[in-house]
Amino acid sequence: MSGDLGGLRGRLFLRSLLLQAGFSDERRQALGFAWALDPALRSAYALDPAGLSAARARHLVSFNTQPCAAGLILGTIAALEARAAVGELAAVARAATLKSAAGAALAGSADALFWGALRPLAAASAVFVAVAGWHLGLSHPLVWGEAAGLAAFNAPALAARWAGIGAGLARGDAAIAAAARLPVQAWIRRARLTAAALTIASALLAAVLDHGAPAYLAGGCLAAGAGLSRRAGGPLRLAAGAGILGAAAVAAGWVR
C-alpha cells in the first residue's frame, strides 16, 4: 500500500462521499464505511484472501461519526489494517478501539463545527452575497448567493475529508492525537461570529434597498430567523417559512 498512497487517498476520498448511502438504524454508517475502506483492504490483503474476508467482516460492525470528519478515521484505520496485514496483530485491536472511540468523539466536536457553526455561516454567506448582488444590480443575484453558500460549506468540508484521509494514511493512530489538539472551539466561535456579522450586514443592506417598509420587514425577518433558528426547527423549516413570506409579499404587491 505504501507505494501508491496518492492513488489510494483519492479512492478513499471519493468513496467517503457516499459514507451515508448505506445508513441504517441497526449499523448506522457501517456499510458505507466498509465500502469506503475496501480499496485499502484489497491493497493490504492482496495476497491473503482469508485475511481480506476477515477484515471486511470486522468493519461491518455498527459505526457512526460526523460525515465530514470521517476521513481522519478512514485514513487511520487503513494504515492500521496495512500494519495488521503484515503480521502486527495488535493493530487489529487498536483499529477497533480507535474506530469506536474516535467516532464518538468526532460525532460531538465535529457536529458542533460543521452543523452548528459552518452550516449557519454558509447560509449567512448565501444571503449576504444575494442581497449584496441585488444591491449592486448584478444579474441573477440569487444564483450568486447559492454558489457562495455552497462554496462556504463544501470547501472546508471537502478539505477536511481530504486532509483527514491523508493524515491518517501517513501517520496512523498518531493522526488522531494530533487532531485532538486542533483549536476546534476557536474555529466554532469565529464561524458563529462571522455568521452573525454577515446576518446583520445583510439586514442593513436590505434596509437600504429601494423598497421602503418591506425591506425593513425582510431584514427583520432575516435577523429574527438567524437568531431563533435553533428553536424554529432548523434551516429547512426556516427556508420554507422564508419562501412562504416571499410568496405573500409578491401576492400583496410589496415586491415585483
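Visitor: Let me start with one residue I clicked on: which residues is Leu 72 in contact with, leaving aside neighbours within four places in sequence?

Guide: Leu 72 is in contact with Leu 106, Gly 164, Ile 165, Gly 168, Ala 175, Ile 176 and Ala 179. Keep in mind that this is a predicted model. Leu 72 itself sits in helix H4. For one of those partners, Leu 106, the C-alpha atoms are 9.6 Å apart, with the two positions 34 residues apart along the chain.

Visitor: Is Leu 72 buried or exposed?

Guide: To call it, compare the relative accessible area with a cut-off: buried means under 20%. Leu 72 has 11%, so it is buried.

Visitor: Let me zoom out. How many helices and strands does the protein have?

Guide: There are 11 helices and 0 strands. Reading along the sequence, you get α-α-α-α-α-α-α-α-α-α-α. Of the 256 residues in the protein, 39% are buried. As for contacts between residues at least 6 apart in sequence, 74% join residues at least 24 apart.

Visitor: How do I check a helix, say H4, against its expected span?

Guide: Use the rise of 1.5 Å a residue. H4 covers residues 70-85, and its 16 residues should span 22 Å; the end C-alpha atoms are 22 Å apart, so the two agree. Try the same with H1: 12 residues should span 16 Å, and the ends are 16 Å apart, so that agrees as well.

Visitor: And how many residues of H4 are buried?

Guide: H4 is mostly covered, with 14 of its 16 residues buried. In H1, the buried residues are Leu 8, Leu 12, Phe 13, Arg 15 and Ser 16. The cover over those H1 residues includes H2, H4 and H6.

Visitor: What should I look for when two helices pack?

Guide: Start with the general idea: an α-helix has 3.6 residues a turn, so residues three or four places apart point the same way. Then look at H2 (residues 30-44) and H4, whose axes come within 9 Å and cross at roughly 30°. That crossing is right-handed.

Visitor: Which residues of H2 and H4 meet?

Guide: From H2 come Phe 33, Ala 36, Leu 37, Ala 40, Leu 41 and Ala 44; from H4 come Ile 73, Leu 74, Ile 77, Ala 78, Glu 81, Ala 82 and Ala 85. By type, the contact holds 12 nonpolar residues, no polar ones and 1 charged.

Visitor: Glu 81 caught my eye. What does the side chain of Glu 81 make a polar contact with?

Guide: With the side chain of His 59, at 2.7 Å. His 59 is in the loop between H3 and H4. Its relative accessible area is 4%, so His 59 is buried. Beyond neighbours within four places in sequence, His 59 touches Ala 30, Phe 33, Ala 34, Leu 37, Leu 41, Ile 77, Glu 81 and Lys 99.

Visitor: What about Thr 65, where does it lie?

Guide: Thr 65 is also a loop residue, between helix H3 (49-58) and H4. With 4% relative accessibility, Thr 65 counts as buried. A polar atom of the Thr 65 side chain lies 2.9 Å from the backbone oxygen of Gly 103. Contacts of Thr 65 beyond four places in sequence are Gln 29, Ala 70, Ile 73, Ala 102, Gly 103, Leu 106 and Ala 107.

Visitor: Now show me an exposed residue.

Guide: Take Ala 96 in helix H5 (residues 90-136). Ala 96 has a relative accessible area of 51% and is exposed. The C-alpha atoms of Ala 96 and Arg 58 are separated by 8.4 Å, though the two are 38 residues apart along the chain.

Visitor: Last one: how do I read a positive phi?

Guide: As a rule, most residues other than glycine have a negative phi. Here, Gly 87, which follows H4, has a positive phi near 110°. Arg 28 is not a glycine, yet its phi is positive, near 55°. You'll find Arg 28 in the loop between H1 and H2, and at 31% relative accessibility it counts as partly exposed.

Visitor: What is the phi of His 140?

Guide: About 55°, positive although His 140 is not a glycine. His 140 belongs to the loop between H5 and helix H6 (141-171). At 58% relative accessibility, His 140 counts as exposed.

Conventions:
Residues numbered from 1 in each chain as written. Predicted model: local features only at pLDDT ≥ 70, side-chain atom pairs only at ≥ 80, totals over all residues. Heavy atoms only, no water. Helix = DSSP H or I, 4+ residues; strand = E, 2+ residues; numbered from the N terminus. Expected span 1.5 Å × (residues − 1). Buried < 20%, exposed > 50% of the residue type's maximum accessible area, 1.4 Å probe, protein only. Axes fitted to C-alpha atoms, helices over the stretch in contact; angles between N-to-C directions. Left-handed = near helix turned anticlockwise from the far one by under 90°. Contact = heavy atoms within 4.5 Å. Nonpolar A, V, L, I, M, F, W, Y, C, P; charged D, E, K, R; others polar. Polar contact = N/O pair within 3.5 Å; in protein donor to acceptor, adjacent residues only side chain to side chain.
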